[in-house]
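Here's a quick walk through one fold, starting from a single helix and working outwards. Have the structure open and follow along.

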Amino acid sequence: MNGPERPGPPVVIVGGLHAEARRATVARLLADVPGSVVLHHDLATATEGTVVRTVRDATGVLSAGEAPLVNDCACCALREDLVPELVRLAEAGGTPLAVVELWDSVEPKAMAEVVTAGGFTVTGVITAVDPALVLPYLGNGDDLAEGGLAAAATDQRTVADTFARQLEYAPVLALAESLPGSPEADDEDRELLAQLHPTALKVPVGPGAATAAPAAPAAPAALAEPAAPAAPARPSALARAALAGFDVEAAAAAQHPACALLPAEADAHGVTTLVWHRRRPFHPGRLYAALEDLTCAAARSRGRFWLADKADTLLHWDAAGGALCVEGAGPWLASLPDAAWDLIPPVRRAAAALDWHPEHGDRCQHLVFTSPGLDRDGLARLLESCLLTDAEYAAGRAAWERLPSGFDTLLEV
């Protein structure tokens with residue numbers, strides 16, 4: 001995945017659909033890291049056939065230009081143009097930090113991999129968030145195209161699923177509260193964010209967030225001691241996060257449904273996370289019939305599961321905004337011959353070993369639902385009703401494979 005290393009500035013990627021929060025985060029980085037430079041590709045003009053590129057620092061725009069679309073895809077143009085711009089910045093020298101500010105719906109995973117493949121070092125990935133907007137965005141099932149946010153003519157993503165991936169990929173969340181025109185966040189908003197991504201470092205960047213500790217009051221002139229040399233300013237929390245280091249391959253592995261670090265059980269400030277873990281397979285027909293109720297039960301749900309009639313296929317559950325994506329994510333390791341295990345990444349093998357069952361191997365149901373006002377008991381009962389009954393389970397895999405499949409329209413497996 002990594003290209004040959006190039007000399008150049010460290011790169012931090014700042015993204016997020018909350019545009020005002022993203023701009024506030026970038027402005028804070030420019031203030032906190034003197035001499036830093038921001039590269040931004042505006043995809044709003046993609047319908048006209050170009051992407052507008054700007055390079056700026058704290059004083060203003062240093063250069064601007066246009067990049068043509070590649071294969072009618074604005075994101076492809078961004079990929080083609082970004083690394084050459086970083087090369088020019090590296091050749092110019094003197095830049096302590098290159099900030100790549102992503103356009104609204106561009107997802108950080110793809111860009112982190114592009115930058116790394118180009119030979120540059122990504123030292124941080126930050127998603128900027130306005131906590132008061134988390135629930136509205138997670139509940140927005142509109143297509144990106146409806147809001148002028150699509151990155152290509154073929155872009156079929158929704159606001160909710162795009163926001164969820166932006167949020168969950170980044171190890172650092174920049175929290176921009178009390179922005180002009182934004183509602184005030186409350187405890188429920190902050191708790192929802194905490195449960196959705198409990199391992200993230202959360203750094204405040206709003207108007208009330210200080211970049212440094214306040215200075216001590218000055219002593220009266222008559223009592224003042226001779227001035228001591230000034231101590232170097234301690235980098236801000238945001239600057240430290242931007243330079244802390246980032247492992248692109250580990251981040252990609254953490255998004256794979258087989259080894260994703262999913263949220264844990266939680267219940268606070270009206271927000272609940274239900275972790276549902278079972279070994280028995282789902283009955284395909286009953287689960288399919290329950291999909292709408294399960295999808296609408298929570299603001300966000302995700303995880304992995306298995307169906308009785310497709311016992312060798314690991315299935316990925318990814319729901320937000322009232323819409324569900326179910327797709328195959330490769331085989332369960334238990335279905336592979338021993339010789340194939342050498343080809344499996346170590347992180348995947350470790351995750352399977354931690355979840356191993358004598359009969360089913362790594363096959364399991366591991367679904368996580370997070371939402372304000374979650375009907376935990378009702379949701380658990382519905383999920384339980386979709387599992388094979390004792391009699392169905394006792395019939396064995398040959399009988400399971402003959403069950404009518406309700407998922408053929410959703411899966412190509």
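Helix α9 covers residues 284–296, so to speak a 13-residue piece by the DSSP runs. From first C-alpha to last, α9 reaches 19 Å, close to the 18 Å expected at 1.5 Å a residue. Keep in mind that this is a predicted model. Even with that span, α9 has a kink of about 50°, and the kink is centred on Ala290.

Which residues of α9 are buried? They are Pro284, Leu287, Ala290, Leu291, Leu294 and Thr295. Ala290 thus turns up twice: at the centre of the kink and on the buried list. And what do the buried residues of α9 pack against? Their partners are β11, β12, β13, β14 and another helix, α11.

Those four strands belong to an open sheet of 6 strands. Reading across, the order is β9-β10-β14-β11-β12-β13, with antiparallel pairing. The edges are β9 (266–268) and β13 (323–331), each of which pairs on one side only. On average, neighbouring strands in this sheet are turned by 20° against each other, ignoring direction.

Over at the β13 edge, 7 bridges join β13 to β12 (residues 310–320), and the two run antiparallel. Ala320 stands opposite Ala323 of β13.

Two further helices sit against this sheet. Helix α6 packs on the sheet and touches β9, β10 (271–278), β11 (300–307) and β14 (365–372). Helix α11, already met as a partner of α9, lies across β10 and β14. Here is how each runs relative to β10:

| Helix | Residues | Angle to β10 |
|---|---|---|
| α6 | residues 187–196 | about 25° |
| α11 | residues 376–385 | about 20° |

Now zoom out to the protein as a whole. There are 13 helices and 14 strands. The radius of gyration is 24 Å, close to the 22 Å that the globule rule gives for 413 residues, so the protein is as compact as a globular protein of that length. Along the principal axes, the C-alpha atoms fill a box of roughly 90 × 55 × 45 Å.

How much of the protein counts as buried? The figure is 50% of the 413 residues. As for contacts with a separation of 6 or more, 74% of them come from residues 24 or more positions apart.

Conventions:
Residues are numbered from 1 along each chain as its sequence is written. This is a predicted model: local features need pLDDT of at least 70, side-chain atom pairs count only at pLDDT 80 or more; totals for chains, interfaces and linings use all residues. Side-chain values use heavy atoms; hydrogens and water are left out. Two strands pair if DSSP finds at least two bridges between them. Axes are lines fitted to C-alpha atoms, for helices over the stretch in contact, and angles run from 0 to 180 degrees between N-to-C directions. Contact means heavy atoms within 4.5 Å. The expected span of a helix is 1.5 Å times one less than its number of residues. The bend at a residue is the angle between axes fitted to the seven residues ending there and the seven starting there. Buried means under 20% relative accessible area, exposed over 50%, partly exposed in between (1.4 Å probe, protein chains only). The radius of gyration is taken over C-alpha atoms; the globule rule is 2.2 Å times the number of residues to the power 0.38.
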